[in-house]
Every structure is written in C-alpha cells, then in structure tokens.
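The following note sets out points on the fold for a colleague's consideration. It concerns how the elements of the chain are arranged and packed.

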Amino acid sequence: MTTRPVEILLVEDNPADVMLTQEAFEEAHFPHRLSHARDGVDALNFLRRSEGHAGAPRPDVILMDLNMPRMTGLELLDILKEDGELRSIPVIVLTTSRAESDIWRSYNLHANAYIPKPVSIAEFVEVIQTLGNFWFHKVALPHPPRPS
C-alpha cells in the first residue's frame, strides 16, 4: 500500500541473526530500510532519538527478539505500548522462544504478531517474504501526523 521504502527497526542482539535478517530482507525484494538496535535500551534510544540517534527515522514497524541483555523484548514491548508517541508502531516478535508463557505475555502486551524463528535459512527467508507481503503490501500502516 505504500510507495516509499518501509522503515523497519530490527531489535536483535545476535549478530548472526542480524545478518540473516538483512539477507532475508534483501531476498524479499520490496522497498525497505532496515535499521538495527542491539537491545531494548538501544531501541528506546533510537525511537526517542537520543544517545547518538538524533536523526533516526520513525519506523513503520518494529521486528524484535525477546531474549536480549539490558532490557528484554517483553520489557521493551511493555514500555512501547504505554508510550503515547510510540504505541501505534506495530511490533512483530521474532524469537527462538516457543514458550506458551512468552506468546501469551507478548499478546497481552499488545504485540501485533508473534513468530517463532525458523530453523532453516530457506524457511527464514520465506517468513520474511510473507511478512513483507502482508505488512508492507496489504496492511495500511499508521504514519505520524505531519507538523503544522
């Protein structure tokens, strides 16, 4: 539905998963810009444009892991959904956890989707292509109002 590149914030502490996600998005062939935060604290700084992120774009969607140092994905999700400026950004949890408690807690904290990370690279690419098709071609994403 959008003609401009989709702004995606990836919140992931594992460098191998960051590389895999970047490669999967490149193979998905849709216009996007992928920014990266290494944990929940870094993500909040990015989203609030502080601590070296003054020019950070507002993401159209956040793709995040749950298990991270300093601030977990669940802690970040809780903060995001309580923040009037940030709560409208869709959050997709992409994590290795298949624990029912993590799934329940993520949705109770208003995650927009919960996706267990696929094991194979081919499956991972397929998940990213499916995400791209749904979230960036079918869904109307909210955009913040322009300043007057």
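1. The β4, α4 and β5 elements together make a β-α-β unit, and this unit is right-handed. The model under discussion is a predicted one.

2. Within that unit, the pairing of β4 with β5 is parallel and runs over four bridges. One such bridge can be placed by residue: Thr 95 has Pro 116 in β5 as its partner.

3. The two strands belong to an open sheet of five strands, whose order is β2-β1-β3-β4-β5 and whose pairing is parallel. The edges are formed by β2 (32-37) and β5 (113-116), each of which pairs on one side only. Disregarding direction, neighbouring strands of the sheet are turned against each other by 20° on average.

4. At the β2 end of the order, β1 (residues 6-11) pairs with β2 in the parallel sense, over six bridges. Here Val 11 has Ala 37 in β2 as its bridge partner.

5. Which strands does α1 touch as it packs on the sheet? Helix α1 touches β1, β2 and β3 (61-64), and its direction makes about 175° with that of β2. Helix α4 (residues 100-108) also packs on the sheet, where it touches β4 (91-95) and β5. The direction of α4 makes about 155° with that of β5.

6. Helix-helix packing is the next topic. Two packed helices are described by the angle between their axes and the distance between the axes. For α1 (residues 15-28) and α5 (residues 121-138), the axes come within 9 Å and cross at roughly 60°. Because of this angle, α1 is oblique to α5. The handedness of the α1 and α5 crossing is right-handed.

7. Which residues bring α1 and α5 into contact? From α1 the contact takes Leu 20, Thr 21, Ala 24, Phe 25, Glu 27 and Ala 28. These meet Ile 121, Phe 124, Val 125, Ile 128, Gln 129 and Phe 136 of α5. By class, the residues of the α1 contact with α5 comprise nine nonpolar, two polar and one charged.

8. A second helix pair consists of α2 (residues 40-47) and α3 (residues 73-82), whose axes come within 9 Å and cross at roughly 25°. Since angles under 35 degrees count as roughly parallel, α2 and α3 are therefore roughly parallel to each other. The crossing in which α2 passes α3 is right-handed.

9. The α2 side of this contact is made up of Gly 40, Ala 43, Leu 44 and Leu 47, which meet Leu 76, Ile 79 and Leu 80 in α3. Six residues of the α2 contact with α3 are nonpolar and one is polar, with no charged residues.

10. To summarise the helix pairs, α1 is oblique to α5, whereas α2 and α3 are roughly parallel to each other.

Methods:
Residues are numbered from 1 along each chain as its sequence is written. This is a predicted model: local features need pLDDT of at least 70, side-chain atom pairs count only at pLDDT 80 or more; totals for chains, interfaces and linings use all residues. Side-chain values use heavy atoms; hydrogens and water are left out. Axes are lines fitted to C-alpha atoms, for helices over the stretch in contact, and angles run from 0 to 180 degrees between N-to-C directions. Angles under 35 degrees count as roughly parallel, over 145 as roughly antiparallel, 65 to 115 as roughly perpendicular and the rest as oblique. A crossing is left-handed if the near helix is turned anticlockwise from the far one by less than a right angle, and right-handed if clockwise. Contact means heavy atoms within 4.5 Å. Ala, Val, Leu, Ile, Met, Phe, Trp, Tyr, Cys and Pro count as nonpolar, Asp, Glu, Lys and Arg as charged, and the others, Gly among them, as polar. Two strands pair if DSSP finds at least two bridges between them. A crossover is right-handed if, with the strands pointing away from the viewer, the path from the first strand over the helix to the second runs clockwise.
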